[in-house]
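Ready for a few short exercises? Have the structure open beside you, try each task, and then compare your reasoning with the worked solution.

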Amino acid sequence: MEPLIIAGKQFSSRLFTGTGKFSSPDIMESALLASGSELVTVALKRVEMDNKADDMLQHLQHPQLNLLPNTSGVRTAKEAVYAAQLAREALETNWIKLEIHPDPRYLMPDPVETLLAATELVKLGFIVLPYVHADPVLCKRLEEVGTAAVMPLGSPIGSNKGLKTADFLEIIIAQSNIPVIVDAGIGAPSHAAQAMEMGASAVLVNTAIAVARNPVQMAVAFKAAVEAGRIAYEAGLPGSSQQAIASSPLIAFLDEA
Amino acid sequence: MFKSIFDQYEWNEVKAGIYAKTSRDVEQALHHQRRSLDDFAALISPAAAPYLAQMAAISNTLTRQRFGNTMQLYIPMYLSNECQNICTYCGFSLDNKIKRKTLSPAEILMETAAIKEMGFDHVLLVTGEAHQQVGTDYFKKVLQLLRPHFSNISMEVQPMDEEDYRELTAEGLHAVLVYQETYHQDDYKKHHPKGRKSNFEYRLETPDRLGRAGIHKMGLGVLIGLEDWRTDSFFTALHLGYLEKTYWQTKYSISFPRLRPFSGGLTPKVVMTDRELVQLICAYRLLNQEVELSISTREEETFRDHIIHLGITAMSAASKTNPGGYVVDAQSLEQFEISDERSAAVIAEMLKGKGYEPVWKDWDPAFSGQ
């Protein structure tokens, strides 16, 4: 399996994970370790920034677990830039998962504010990974302003519905020059495998692991699925076809000359 | 820049890879939903020859799905045959002793009237490379002159700097065609021994400059006959893929000029058969559903009539390849001989007869320039 490189940093695992929704910090820690994940997103709003012994952070003290703070909770570009600066200070990383979802109900990413914030954050020296709708044009615009990757959603966040946006993800993957990480909506290992088979660089999974009856086992399942999908992609999947390809009389003229 | 990608490929390795493709590779490529460059290599390989009928059927379906039953029509207007390059295959080559001619504004308008009379609204301006006679300032004036008369103006002239392209785009230029001729560096040198065109890299990076300048459309291609067409086409497809990903707001077209006889001409090193050209056209379509595929009057009537169904989306008609060829100086020397001499009206009727709508206008000057 080829390693994944984002902003010069190499990852051997293509499974990124979240830290929310676990029933306890201990279970979170066990699940994340079992997943093999090397990039873990942390909601800045959950971190007790004045408390060096923050319970969640204590459970993430492992050399392989790189932290990816996210801006969840902000509603505008301005708030996102401020939150990113706080995160850089508190977690000592210039990596930021940019997510701006002004609507509290469906948590749909705001494309306009996200592009504005990404532009500003890149200028400020951040490694920006924006969470966006599976919008191919927006993804190209983000690439142009210098984001390190794009993170289009598979279906509404937390919905576990899988890759409802598959057709758009395919376009994004086909035309992107930066890594494409499918985020949100991946509810089962088979969804993760599908994204990887499609050529996604990585997937980010949170809810499906965190709320599984056995999160540690589910983390293992996702690890295997992501690896299987990626290896299949690299091996070159054969195409599938419902019917034989009909030949046609269109080239009969070549024999007439 | 494409150069950094191009440098990762070695001609002989690419060529060996294409010729090593098997029927199994071709079958896999045919069954893929989205085809990779590696699939394209299989489809242009000798191993794909027995699958041509299937390729044609898929190409026909994909093309009609994307472009409908339509055919874009355009016509070239040769503005000048002045040229400071020596190109072994071209009638305008510096060392070719012909009468040199650059159209004046009045002559351009005479040619324009004749072209408009035929029904065309999309003109392709063509020159050799002569910076004194046909430099950026000349083209600016020509665009200003022609903008009121044509809704779509394309150019096939010498490669220019990014700033030149920016200025010409602002004057209403819609598309630029710039063919690499061959991606084989040594052979390129051999065929372009003298003049600015001998700079392989400057030409190779021309599409990058066009892309940065924000051109609406660019055309790529190689001159078929200079080198192994399969390998050259692989590099063209590689270039196309890079450009589409990088300059994603630009539209692309591919042409397949086969080396034609001309006065004092070169015998092609490689001869491509009709069957092989059909294979190449279909392979491009199977690789890329969106790219425009264009065919000129270099090709013969029967062939042109049939390949309409096989992936082609644009064709020239009633072309003259000499400056002033329509009215001003019809007898001057052509750049190359054309094979399909039918009038625009006859071509349009032929298209209709085959169930295709001839499209004369598909752009508006209001979308170009300021």
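The exercises below go from overall confidence and shape to single residues. Keep in mind throughout that this is a predicted model.

**Exercise 1. Find out how confident the predictor is in chain B and in the model as a whole.**

Solution. Begin with the chain: chain B averages a pLDDT of 92, and 98% of its residues score at least 70. Then turn to the whole model, which has an ipTM of 0.73 and a pTM of 0.84. Why look at pLDDT before anything else? Where it is low, the predicted coordinates should not be read in detail.

**Exercise 2. Decide whether the radius of gyration of chain A agrees or disagrees with that of a compact globule.**

Solution. Step one is the expectation: for 257 residues, a compact globule would have a radius of gyration near 18 Å. Step two is the value for chain A, 20 Å, which agrees. Step three adds the outline, since the C-alpha atoms of chain A fill a box of roughly 85 × 40 × 35 Å along the principal axes. Now look inside: chain A contains 10 helices and 10 strands, and 46% of its 257 residues count as buried. Finally, take the contacts in chain A between residues at least 6 apart in sequence; 62% of them join residues at least 24 apart.

**Exercise 3. Describe the side of chain A that touches chain B: which element gives the most residues?**

Solution. First count the partners: 17 residues of chain A are in contact with 24 residues of chain B. Next, pick out the elements of chain A that give two or more residues to this side, namely α6 (166-175) and α10 (253-256). Of the elements, α6(A) gives the most, with 3 residues. Last, sort this side of chain A by class, and you get 8 nonpolar, 7 polar and 2 charged residues.

**Exercise 4. Locate the largest nonpolar core and say which helix gives the largest share of it.**

Solution. The largest nonpolar core has 100 residues. Those with the most contacts inside the core include Leu43(B), Val123(B), Leu125(B) and Ile281(B). Helix α13 (residues 274-287) of chain B provides the largest share, 9 residues. To follow one member outward, take Leu125(B): beyond four places in sequence, Leu125(B) touches Met77(B), Leu79(B), Val142(B), Ile153(B), Met155(B) and Val157(B). A second, separate core has 74 residues, among them Leu39(A), Met151(A), Ala184(A) and Ala193(A). As background, nonpolar side chains in soluble globular proteins tend to be buried together.

**Exercise 5. Work out whether Thr127(B) is buried or exposed, and which residues it touches.**

Solution. Place the residue first: Thr127(B) sits in the loop between β2 (122-126) and α7 (136-146) of chain B. Then count its C-beta neighbours inside 10 Å; there are 26, so Thr127(B) counts as buried, the cut-off being 20 or more. Beyond four places in sequence, Thr127(B) touches Leu79(B), Ser80(B), Val134(B) and Val157(B).

**Exercise 6. Repeat the analysis for Met315(B), and ask how its C-alpha lies relative to that of Ile295(B).**

Solution. Met315(B) belongs to strand β8 (residues 314-316) of chain B. Because it has 23 C-beta neighbours inside 10 Å, Met315(B) counts as buried. Its C-alpha is separated by 4.9 Å from that of Ile295(B), although the two are 20 residues apart along the chain. Ile295(B) is also among the contacts of Met315(B) beyond four places in sequence, together with Met71(B), Leu73(B), Ser294(B) and Arg304(B).

Conventions: Residues are numbered from 1 along each chain as its sequence is written. Chains are lettered from A and ligands numbered from 1 in the order in which they are written. This is a predicted model: local features need pLDDT of at least 70, side-chain atom pairs count only at pLDDT 80 or more; totals for chains, interfaces and linings use all residues. Helices (H or I, at least four residues) and strands (E, at least two) are DSSP runs, numbered from the N terminus. The radius of gyration is taken over C-alpha atoms; the globule rule is 2.2 Å times the number of residues to the power 0.38. A residue is buried if 20 or more other C-beta atoms lie within 10 Å of its own, exposed if 12 or fewer, and partly exposed in between; C-beta atoms are placed from the backbone. Two residues are in contact if their C-beta atoms, placed from the backbone, lie within 7 Å. Ala, Val, Leu, Ile, Met, Phe, Trp, Tyr, Cys and Pro count as nonpolar, Asp, Glu, Lys and Arg as charged, and the others, Gly among them, as polar. A nonpolar core is a set of buried Ala, Val, Leu, Ile, Met, Phe, Trp, Tyr and Cys residues joined through C-beta atoms within 7 Å. pLDDT is the predictor's confidence in each residue, from 0 to 100.
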